[in-house]
Amino acid sequence: MFGARRGKDATMDAIITTLAQELGQNQRYVEQVVALLDEGNTIPFIARYRKELHGGMDDTTLRTLETKLRYLRSLQERREEVLRAIESQGNLTPALRQAVEAASTLAEVEDLYRPYRPKRRTRATMAREKGLTPLAEALWKQDGRDPATLAQNYVNPSLGVDTIDDALAGASDILAEEISDDAAIRKELRQRMARRAVLASRAANPEQDSVYRLYYDFSCPVAKLQGHQILALNRGEKEGFLKLSVDLPGAEGSALVCRHALRPGKTVSSFVKAAAEDAYARLIAPAAERELRNDLTSRAAEGAMGNFSLNLKPLLLQPPVKGAVTMGLDPGYRNGCKVAVVDPTGRVLDTAVVYPTLSQRKKEEAQERLLTLIRTHHVRHIAIGNGTASRETEEMTAAMLRQAPEVSYMIVNEAGASVYSASPLAAEEFPEYDVNLRSAISIARRLQDPLAELVKIEPQAIGVGQYQHDMPQKRLAEALEAVVEDCVNAVGVDVNTASPSLLRQVAGLNGATAKNIVAYREEHGPFSSRKQLLKVPKLGPKAFQQCAGFLRVPESRELLDHTGVHPESYPAAEQLLQLLGLPKGGRLAGLSQKVEALGWEQAAAACGVGIPTLQDMARELEKPGRDPREDLPPPVFRRDVMTVQDLKPGMVLTGTVRNVIDFGVFVDIGVHQDGLVHISQVTDRFIRHPSQVVRVGDTVEVAVLEVDEKRGRISLTMKNLPKEAQT
């Protein structure tokens with residue numbers, strides 16, 4: 001028993017050492033994070049409230065650690081399964097055990113297990129059934145004996161071996177399978193293909209035009225393939241436009257296998273050489289190509305999901321437009337433009353449907369109706385969805401606002417609005433409105449509080465990535481849900497106004513407890529303290545520990561309930577205020593400077609917390625209820641409209657970054673379609689990805705390079721702008 005425990009401890013020590021090396025983190029911190037995860041703590045809670053235990057790792061690093069930890073544990077489980085399986089066959093040798101235990105990837109473990117894995121009926125198994133294994137072993141010795149002479153003794157018509165050729169063919173099949181099962185061959189070939197293989201693409205029908213024409217005659221070393229190229233090639237193959245192949249230059253693959261199979265110092269056996277070549281062509285190469293293609297796709301998908309996550313975070317954290325009545329416009333042709341007016345809290349005040357695209361008279365009627373709504377409800381901002389008919393709706397709005405100079409508008413990305421409006425969640429939230437009007441409400445609310453509204457939509461539908469439908473959907477959902485969770489917890493949630501959709505993203509809560517919080521709130525009135533959360537059904541002490549610091553209670557008499565200070569640190573916060581001689585309800589601006597004067601180490605020791613916790617506490621006390629999004633640049637509102645025809649090369653414009661992908665940046669410059677800043681035009685210095693320079697939601701200065709009206713393409717640059725535009 002103790003030996004087994006020591007073995008498990010040693011395995012865990014090895015995993016922690018590997019994690020520390022791969023992540024470049026202190027081993028003690030890694031060990032403490034693993035312990036926190038095993039205790040059931042959430043990533044947001046660990047990142048925010050256990051900084052002393054992990055040395056200040058951010059949520060992204062912690063999630064990477066968690067993912068790698070799962071992989072290493074599954075690798076260890078698979079090692080143990082393979083060792084048990086081989087041992088049960090009586091084939092486990094000390095050398096094989098050592099090789100399995102030393103394998104650093106699942107692929108290496110599977111290669112070692114391949115010779116011992118139960119196989120389906122193959123040509124080699126049928127040859128073994130015919131008694132040809134001794135012949136194969138004799139031929140494998142490569143001692144110069146004539147293969148035909150050796151095979152004479154194995155001709156046996158009763159077993160289906162009618163001729164010498166039949167015997168030699170069966171022996172060749174056995175040798176080919178054994179060569180194919182050699183783990184050393186597969187490992188070396190895998191490494192060689194990753195470095196040297198070339199992927200080639202040809203058109204399935206050269207006469208047929210498609211978006212994949214760029215790849216109709218294409219080849220590239222796999223080591224240099226970009227993620228977006230891999231995904232485009234895969235999709236082109238799937239849709240039948242492309243035929244792909246992967247191979248090593250010359251005959252490197254076959255030569256590598258033969259070098260392993262042929263014994264040095266022996267006369268080259270043409271028979272074994274032919275068996276090795278057959279093993280490569282029939283068994284090893286197809287499997288190696290599949291494995292390499294899968295690895296390429298996995299690499300590209302991970303990159304695309306990482307890019308999606310990178311784009312999603314700033315989109316969710318866009319600054320809210322608070323305190324203003326907002327009108328949402330969901331443009332359309334046949335079904336008209338749907339209109340919703342919401343108050344500063346998002347409550348629907350009025351709705352309408354207008355038809356500005358049908359005729360001049362209808363357009364004038366639409367403007368009159370919208371102006372009436374603006375004046376009746378004192379609308380300050382208009383949010384226009386960027387979908388069908390948005391260009392015409394924007395033109396109508398800009399013309400209308402000449403009569404309402406106090407109102408401005410903004411184009412809002414409506415991706416996912418239709419998904420939300422047709423969802424059971426929207427039906428539950430707005431049962432009195434039809435699907436189209438729900439979409440207009442969502443568009444208005446996206447301007448007021450992007451985070452609170454976008455959490456209601458599956459992240460995959462928000463549309464700030466590339467090839468999201470080609471990703472492993474479960475893995476993509478997990479990655480994006482993690483981003484949503486991190487954003488929600490970074491901002492904090494008002495427990496008395498948040499929807500169940502927003503609450504379920506809070507650390508420690510789930511769909512059931514989120515609904516229970518809302519139900520309790522509706523039955524008992526607004527929460528008056530954080531402690532009251534413990535009265536919510538199914539919200540126990542562990543869930544309270546994880547969620548409490550991220551929930552704000554503005555109605556509470558306890559100032560600390562308005563902040564991100566965790567309840568477990570309330571005594572420390574009160575001790576800090578007492579130490580500085582400050583009243584809890586008084587003005588606390590400049591508190592950090594007072595602690596600085598006293599000394600952070602001395603103050604932390606006096607309060608019984610670590611310095612990172614004390615620093616977070618001081619920031620929260622200085623600005624209770626602070627929304628971190630308010631520190632970001634505000635969104636750009638407009639009062640006029642431009643068309644593609646207005647654009648001229650050299651024109652410098654201010655735009656908003658809508659999407660950042662591998663090969664460039666899409667920027668909204670105020671016309672119907674976004675312009676593209678190719679990666680080569682983002683900056684003068686070399687960059688591997690545009691995200692090194694910009695992110696979604698950034699306001700940037702761009703210059704027009706080229707306008708292709710026919711193809712609807714606008715080429716932009718961020719380089720060589722006038723100095724006044726760059727500052």
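The following exchange concerns the nonpolar cores and salt bridges of a predicted model.

Colleague: Which conventions apply to this predicted model?

Modeller: Residues are numbered from 1 along each chain as its sequence is written, and side-chain values use heavy atoms, with hydrogens and water left out. The model is predicted, and local features need pLDDT of at least 70, while totals for chains, interfaces and linings use all residues and side-chain atom pairs count only at pLDDT 80 or more.

Colleague: Which helix gives the most to the largest nonpolar core?

Modeller: A nonpolar core is a set of buried Ala, Val, Leu, Ile, Met, Phe, Trp, Tyr and Cys residues joined through side-chain atoms within 4.5 Å; buried means under 20% relative accessible area, exposed over 50%, and partly exposed in between, with a 1.4 Å probe and protein chains only. The largest such core has 134 residues, and Leu225, Ile517 and Ile669 have the most contacts inside it. Helices (H or I, at least four residues) and strands (E, at least two) are DSSP runs numbered from the N terminus. With 19 residues, the leading contributor to this core is helix 15 (residues 270–316).

Colleague: How many residues does the second, separate core have?

Modeller: Among the members of this separate core are Ile15, Leu19, Leu36 and Leu83. Its size is 30 residues.

Colleague: How many salt bridges does a search of the whole structure find?

Modeller: A salt bridge requires a side-chain nitrogen of Lys or Arg within 4 Å of a carboxyl oxygen of Asp or Glu. Glu188, Arg192, Arg196, Glu252 and Arg259 are linked in a network of such bridges. Over the whole structure, the search gives 46.

Colleague: Is Asp627, the partner of Lys322 in a salt bridge, buried or exposed?

Modeller: The side chains of Lys322 and Asp627 meet at 3.2 Å, N to O. The two are 305 residues apart, Lys322 in the loop between helix 15 and strand 4 (326–330) and Asp627 in the loop between helix 29 (611–622) and strand 11 (652–661). Lys322 is partly exposed at 48% relative accessibility. Asp627 has a relative accessible area of 5%, so its class is buried.

Colleague: Why does Lys456, which forms a salt bridge with Glu429, count as buried?

Modeller: The closest N and O atoms of Glu429 and Lys456 are 2.9 Å apart. Glu429 lies in helix 19 (residues 424–429) and Lys456 in the loop between helix 21 (450–454) and helix 22 (473–491), so the pair ties together parts 27 residues apart in sequence. Glu429 is partly exposed, with a relative accessible area of 28%. Lys456 counts as buried because its relative accessibility is 11%.
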